[in-house]
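Here's a quick tour of one sheet, the helices packed against it, and a patch on the surface. Have the viewer open while you read.

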Amino acid sequence: MKSPLIITLLLHILAFCNPLTKATIDNLDNVINISPLSATKITKPMHIAKIEGQEALTTNRGPETRKGTEQSSEDGGKAVFTIKVKNGGDYTLIADAFWCAGDGNSFWIKVDSLPYEKFGNDGTEKKWISIRGPVFNLSAGTHTLTIREREWGAAIGNITLSPIPFFVSSALAFGNSVTVTDSNGYKKGRFLSIKQQLLIHPGYVLISEKKLKFACFYADTSKNGVLEADNKLPLSITDPTGKIIYSGLISAGKNFTIDIDKGIAGSYLIRTGDKTESYHNLNSRFETLRTAISAIKGKPIKSNDELLWLPTIELCKNNIERGYKLRHQSDVNIPNTQYVLAEFNRAEEILCALQNKRADTLLKSGIQELAHYSKIDSQLCPYTLYLPAEWTHSSKAHHFILYLHGTGGTQWEFERNMEARNLPISKLEHPMIVPFGRGNANWMKEAEKDLLTLITIAGKSFNLDTNNITLSGFSMGGYGTWHIGSLYPDKFKILVPVAGGLPWEWSRLKNPDYKAPDPILPPSWNGRIVILHAFDDEAVPFIAALEVSKKLAKAGKCFDMSVYSGGHTGPMNQYEIYNEIIKDRPLPKAVSPK
């Protein structure tokens with residue numbers, strides 16, 4: 001009887017007992033290392049410089065902020081390298097990078113005549129970090145790598161083209177970020193695993209397919225990197241009925257794909273050594289979710305609970321289709337099985353609560369992601385809602401923080417910042433709402449109107465006091481704080497711009513009809529103002545905060561200012577500042593990030 005399983009090995013795999021296995025041997029050992037000094041051509045203003053002891057390609061900052069060069073042009077300084085590829089395949093570009101500021105943290109990169117792709121645009125400033133870039137499919141032979149300036153002051157050091165599969169680099173070191181999220185997983189051009197891991201990619205399928213297909217990689221703990229491991233392990237695959245459909249041996253550190261003919265719904269178990277992982281056929285579950293959403297949308301009359309929660313159910317569906325949590329706009333697409341399963345569970349929990357008329361059980365303390373439909377164009381508008389434990393124990397409407405993210409940020413920005421500083425978000429004592437705001441829309445036009453809708457929802461549905469709101473934001477969100485705060489001052493008790501400035505000038509660039517408010521706030525407004533800004537911020541220079549000070553003084557407004565160091569960032573104790581000023585206590589001193 002013909003086996004339903006056909007396994008095609010992409011890399012070296014030991015002999016299997018199954019005679020239906022076809023093997024195609026490949027090689028992951030061809031790591032390509034490139035030094036900045038090996039460039040065959042460097043065009044000014046790009047040049048070689050030594051930055052904190054490391055040779056790098058960079059451009060000087062210049063007397064003022066420079067806008068990024070266009071993706072399609074060949075303008076600006078660049079460096080060209082000739083690279084030789086021994087074995088064709090997919091190669092991920094990873095490089096040491098030194099970012100001078102938030103507006104000096106990216107390059108354009110391309111191979112041969114392909115279009116340029118963005119490299120960086122995220123990551124810690126003023127220190128060397130590892131940044132993961134594009135994946136290039138390279139044939140064996142000679143190729144040209146071009147690195148072109150995008151923003152002044154960014155620096156790039158040693159470059160690696162790694163043949164290790166992208167999903168493996170994500171699991172071991174990068175997650176969905178362009179920056180290293182686990183420093184133990186990538187060191188000096190080598191990927192390491194501190195524990196034995198069986199990695200499956202993707203770990204699920206949503207759409208009905210004639211064949212199910214996924215890749216496997218067993219990462220061992222070799223001190224020389226996962227590609228150097230050579231131990232042999234047993235492999236078995238069990239289908240959702242419990243039937244073993246494959247068994248054999250593989251080598252650690254080798255990648256291979258699995259094709260299953262006539263797959264069935266449910267979970268397949270893949271066992272290697274003492275490790276077990278799952279591959280999920282979620283087609284039936286996904287179709288059920290889509291049908292449920294369509295059924296609610298099709299109702300001529302919807303309950304208030306359905307009107308509130310339908311956008312969030314649809315958001316869960318969209319998140320499932322994307323496959324990972326979008327914590328920053330530069331995040332890369334590597335499907336995360338546990339995230340997808342959690343989003344399924346969340347959507348099904350909401351549907352069950354609506355069916356049983358128990359929607360009151362859905363709001364809980366902690367942070368959760370929700371959505372609403374825009375009143376302008378019905379676009380889905382995601383946001384996060386953080387509710388402290390105190391919220392669940394009080395019937396009193398709560399003062400809350402409306403936080404506006406910066407360029408490249410998302411509704412997860414504040415949580416992401418807290419996590420980067422090893423601080424639990426539970427240190428924040430007041431509710432917080434962080435909208436996506438249509439991405440990098442400068443908190444104007446549609447994003448501005450969506451914000452007003454969200455304030456109404458907060459008061460109506462979440463027991464939040466719309467007469468007691470702290471409006472705050474970082475960078476673009478700091479500018480947005482002044483834009484929104486000056487247009488709708490009566491809606492806010494406290495304004496806390498962080499690394500922001502007056503939006504009047506760049507507002508006119510976006511909208512020539514924009515009229516700056518004068519005075520900046522009306523005489524009748526008597527709320528509190530707290531300005532937070534780093535004196536060494538190069539992306540939004542400290543002079544921006546001083547300009548705000550002049551405008552406030554002209555308008556006769558009192559304000560507090562707390563200054564710190566650390567570049568284009570917020571203070572370490574930003575949560576504490578919110579906690580204290582909302583309680584009308586003295587402003588804590590801003591603590592510089594470490």
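## Strands and pairing

First, a bit of vocabulary: two strands count as paired if DSSP finds at least two bridges between them. Keep in mind that this is a predicted model.

With that in hand, look at β24 and β25 (residues 380–387): they pair in the antiparallel sense, over eight bridges. One of the contacts to pick out is Y373, whose bridge partner in β25 is L380.

## The whole sheet

How are the eight strands of the open sheet ordered? Reading across, you get β24-β25-β27-β26-β28-β29-β30-β31, and the pairing is mixed. The edges are taken by β24 (366–373) and β31 (560–564); each has a single partner strand, so one side of each has no neighbour in the sheet. On average, neighbouring strands here are turned by 20° against each other, if you ignore direction.

## Helices on the sheet

Helix α6 (residues 446–461) lies across β24, β25, β26 (398–404), β27 (432–435) and β28 (464–474). Against β28, helix α6 runs at about 140°.

Then there's helix α10 (residues 574–582), which also packs on the sheet and touches β26, β27, β28, β29 (494–498) and β30 (528–534). The direction of α10 makes about 165° with that of β29.

## A nonpolar patch

Elsewhere in the sequence, L37, I42 and I48 make a nonpolar surface patch of about 240 Å². L37 sits in the loop between β3 (32–34) and β4 (41–43). Is L37 buried or exposed? Exposed, because its relative accessibility is 57% and the cut-off for that label is over 50%.

Notes:
Residues numbered from 1 in each chain as written. Predicted model: local features only at pLDDT ≥ 70, side-chain atom pairs only at ≥ 80, totals over all residues. Heavy atoms only, no water. Helix = DSSP H or I, 4+ residues; strand = E, 2+ residues; numbered from the N terminus. Axes fitted to C-alpha atoms, helices over the stretch in contact; angles between N-to-C directions. Contact = heavy atoms within 4.5 Å. Patch = residues over 30% accessible without salt bridge, like charges linked within 9 Å, V, L, I, M, F, W, Y side chains within 5 Å. Areas by Shrake-Rupley, 256 points an atom, 1.4 Å probe, with all protein chains shown as cover. Salt bridge = Lys/Arg side-chain N within 4 Å of Asp/Glu carboxyl O. Buried < 20%, exposed > 50% of the residue type's maximum accessible area, 1.4 Å probe, protein only.
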